[in-house]
Each structure stands twice: as structure tokens, then as C-alpha cells.
Amino acid sequence: MEKDNIEVNLSDNRLTIKGEKKKEEEVKKEGYYRSERSYGSFVRSLELPSEVQTDKIKAAFKNGVLEIRLPKTEEAKKRETKVKID
């Protein structure tokens, strides 16, 4: 996917990621011709807790990976507890 085919929106503590994939391939060689087209779209929505600093959300797209950073509020950081793993 390309960066231009992805959209990230935030509305009322709901993060929505939309994307559309378009691929066209055409091969012309002696004795045969091949043409392929594939299309697909997706939408994912996530309800965010109110403990997220919505004004500081950042998204980056690099090497086909979308990374979204959602910083916690200071209140949420204080309530964090470690869980012992058996």
C-alpha cells in the first residue's frame, strides 16, 4: 500500500483507519499476454479511552508499516500497574 491510500481520523474518542489497495499488473511477452487487477478496501475503528491525549496523536507510514502513537495523560500513567507473569 501507499501512504496516499491510507486515511486516519479521530472523532469523539474513536480512531478510524481506512485504506484502499489497488494493484494492476500487465505482462506482454512473446506468445502470451497477462493482465491482473486486484482491489480491496478496509476500515477499522477503535474506541480510545479518555486517558489519551487526543491533541498529541501522531501517525507515520514507513516501509509499508503504519505506526500510530497515542500518548497517555499523566493521570493514566499514574494508574498503571505491573502484572506479574507466572
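Let's start with one pair of residues: Glu25 has Glu36, in strand 3, as its bridge partner. This is a predicted model, in which local features need pLDDT of at least 70 and side-chain atom pairs count only at pLDDT 80 or more, while totals for chains, interfaces and linings use all residues. Residues are numbered from 1 along each chain as its sequence is written, and side-chain values use heavy atoms, with hydrogens and water left out.

**Overall layout**

- The protein has one helix and five strands; helices (H or I, at least four residues) and strands (E, at least two) are DSSP runs, numbered from the N terminus.
- Along the sequence, these elements come in the order β-β-β-β-β-α.
- The protein is more spread out than a compact globule, because its radius of gyration is 20 Å, well over the 12 Å that the globule rule gives for 86 residues.
- That radius is taken over C-alpha atoms, and the globule rule is 2.2 Å times the number of residues to the power 0.38.
- Along the principal axes, the C-alpha atoms fill a box of roughly 70 × 35 × 20 Å.

**Surface, contacts and charge**

- Of the 86 residues, 13% are buried (buried means under 20% relative accessible area, exposed over 50%, and partly exposed in between, with a 1.4 Å probe and protein chains only).
- The accessible surface comes to about 7,900 Å², and carbon and sulfur atoms account for 46% of it; such areas come from the Shrake-Rupley method with a 1.4 Å probe, and for residues only the protein chains shown count as cover.
- Take the contacts between residues at least 6 apart in sequence: 36% of them join residues at least 24 apart (contact means heavy atoms within 4.5 Å).
- The protein has 21 positive and 18 negative charges, and the mean positions of the two groups are 3 Å apart.
- For this count, Lys and Arg are positive and Asp and Glu negative, with His and the chain ends not counted; the place of a charge is NZ of Lys, CZ of Arg, CG of Asp or CD of Glu.

**Strands 2 and 3**

- Strand 2 and strand 3 (residues 32–47) run antiparallel and are joined by 16 bridges; two strands pair if DSSP finds at least two bridges between them.
- They form a hairpin with two residues between them, and Gly31 in the turn has a positive phi of about 95°.
- Glu20 is part of strand 2 and counts as partly exposed, at 36% relative accessibility.
- Leaving aside residues up to four places away in sequence, Glu20 touches Met1, Asn5, Gly40 and Ser41.
- Glu20 and Gly40 are 20 residues apart in sequence, yet their C-alpha atoms are 5.7 Å apart in space.

**Strands 4 and 5**

- Strand 4 and strand 5 run antiparallel, with five bridges joining them.
- Ala60 stands opposite Glu67 in strand 5.
- The hairpin of these two strands has two residues between the strands.

**Two residues with a positive phi**

- Most residues other than glycine have a negative phi, which makes the next two worth finding in the model.
- Asp12 has a positive phi near 50° and lies in the loop between strand 1 (6–11) and strand 2 (14–29).
- Asp12 is exposed, with a relative accessible area of 74%.
- Asn63 has a positive phi near 55° and sits in the loop between strand 4 (58–62) and strand 5 (65–69).
- Asn63 is exposed, with a relative accessible area of 74%.
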